[in-house]
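Visitor: I am new to protein structures and would love a slow, close look at a single part. Please pick up the thread from one residue and follow it outwards for me.

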Amino acid sequence: QIQAVIFDLDGVITDTAEYHYLAWKQLADDLGIPMDRSFNEQLKGVGRKESLDKILEHGGKHLTEEEKEFYATKKNEHYKTFIQDITPDDLLPGILDFMKEIKEAGIQTALASASKNAKPVIKRLEVEQYLDTVVDAAQVTNGKPDPEIFIKGADQLSVDPAYCVGVEDAQAGVQAIKAAGMYAVGIGAEEALSQADWVVQQPSQLSLEELKRRLEM
Ligand code: BG6
Ligand code: MG
């Protein structure tokens, strides 16, 4: 039986995964490093600094720590211009209904986001009241695919990870959920999220009834 559902933010609750991609793409172009959506799958869910390292490695480029700091800040400045106008209209279709359904069933919810921008984003989306706890990048040592962020979410709700469901759009995120010993719901392409227990293309395809049915299988 499900006691908690732990949500990723970017690409699950709202389409900020697209903004992260566009901001990284711009940066990669500036650095002369080829980047496409297929490579971007490896960046989803991964922290800012680690993402930059992956892009640099991909392009065979070496930068000093100082230069990396400069580019990471530049990417974030670009990303922040995208998120400044976010409103509740930017919630992905169906996700709020799913969150409400869960809360109404007496199941707890948490947010587990690798983003340092998570708090302002959920505030602008006006979904704080549907989240019992929030774990963001500032509170964890090891980023996804390490399970720490999901374990911490479960801890903060006093729920055993075995009774938690994690919802993710990222390969690294699905790996983190599985490593935490939770049931993993993937949102996106089946090929990219093959490690998930259940994959839907869009949040509108989520329902508590179907989730329960699958957990009983
Ligand atoms: C994750 C995103 O939620 O947060 C990644 O999926 C992003 O794409 C990471 O790199 C870190 O975000 P931020 O806002 O701290 O740069
Ligand atoms: Mg995500």
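Leaving aside its neighbours within four places in sequence, which residues is Ile-6 in contact with?

Guide: Happy to help! Keep in mind that this is a predicted model. Setting aside neighbours within four places in sequence, Ile-6 is in contact with Ala-110, Ala-112, Phe-150, Gly-153, Ala-154, Cys-164 and Gly-166. Ile-6 and Phe-150 are also the residues with the most contacts inside the largest nonpolar core, which has 58 residues. Helix α1 gives that core its largest share, 7 residues.

Let's follow one of those contacts, Gly-166. Gly-166 stands opposite Ala-184 in β5. Its own strand, β4, covers residues 164-168 and pairs with β5 (residues 183-187) in the parallel sense over 4 bridges. Both strands belong to an open, parallel sheet of 6 strands, which you can trace in the order β3-β2-β1-β4-β5-β6. At the edges are β3 (133-135) and β6 (198-200); each has a single partner strand, so one side of each has no neighbour in the sheet. On average, neighbouring strands here are turned by 20 degrees against each other, direction ignored.

Next, look at helix α8, which spans residues 171-179 and contains Val-174. Val-174 has 30 C-beta neighbours inside 10 Å; a residue with 20 or more is called buried, so Val-174 counts as buried. Apart from neighbours within four places in sequence, the contacts of Val-174 are Glu-168, Ala-184, Gly-186, Leu-193, Gln-195 and Ala-196. Notice Ala-184 in that list, the residue of β5 that we met opposite Gly-166. You can also find Ala-192, 18 residues away along the chain from Val-174, with 10 Å between their C-alpha atoms.

Val-174 has company in α8: Gln-171, Ala-172, Gly-173, Ala-176 and Ile-177 are buried too. The buried residues of this helix pack against α7 (148-156), β4 and β5. After α8 comes Gly-181, with a positive phi near 80 degrees.

One last stop is ligand 1. Here 19 residues surround the ligand, and the closest are Asp-10, His-20, Arg-48, Ser-115 and Lys-116. Helices α1 (16-31) and α3 (48-59) each supply at least two residues of this shell. By type, the shell divides into 7 nonpolar, 8 polar and 4 charged residues. That brings us back to α1, which serves this shell and also gives the largest share of the core where we began.

How values were computed. Residues are numbered from 1 along each chain as its sequence is written. Chains are lettered from A and ligands numbered from 1 in the order in which they are written. This is a predicted model: local features need pLDDT of at least 70, side-chain atom pairs count only at pLDDT 80 or more; totals for chains, interfaces and linings use all residues. A residue is near a molecule or strand if its C-beta atom, placed from the backbone, lies within 6 Å of it. Ala, Val, Leu, Ile, Met, Phe, Trp, Tyr, Cys and Pro count as nonpolar, Asp, Glu, Lys and Arg as charged, and the others, Gly among them, as polar. Two strands pair if DSSP finds at least two bridges between them. Axes are lines fitted to C-alpha atoms, for helices over the stretch in contact, and angles run from 0 to 180 degrees between N-to-C directions. A residue is buried if 20 or more other C-beta atoms lie within 10 Å of its own, exposed if 12 or fewer, and partly exposed in between; C-beta atoms are placed from the backbone. Two residues are in contact if their C-beta atoms, placed from the backbone, lie within 7 Å. A nonpolar core is a set of buried Ala, Val, Leu, Ile, Met, Phe, Trp, Tyr and Cys residues joined through C-beta atoms within 7 Å.
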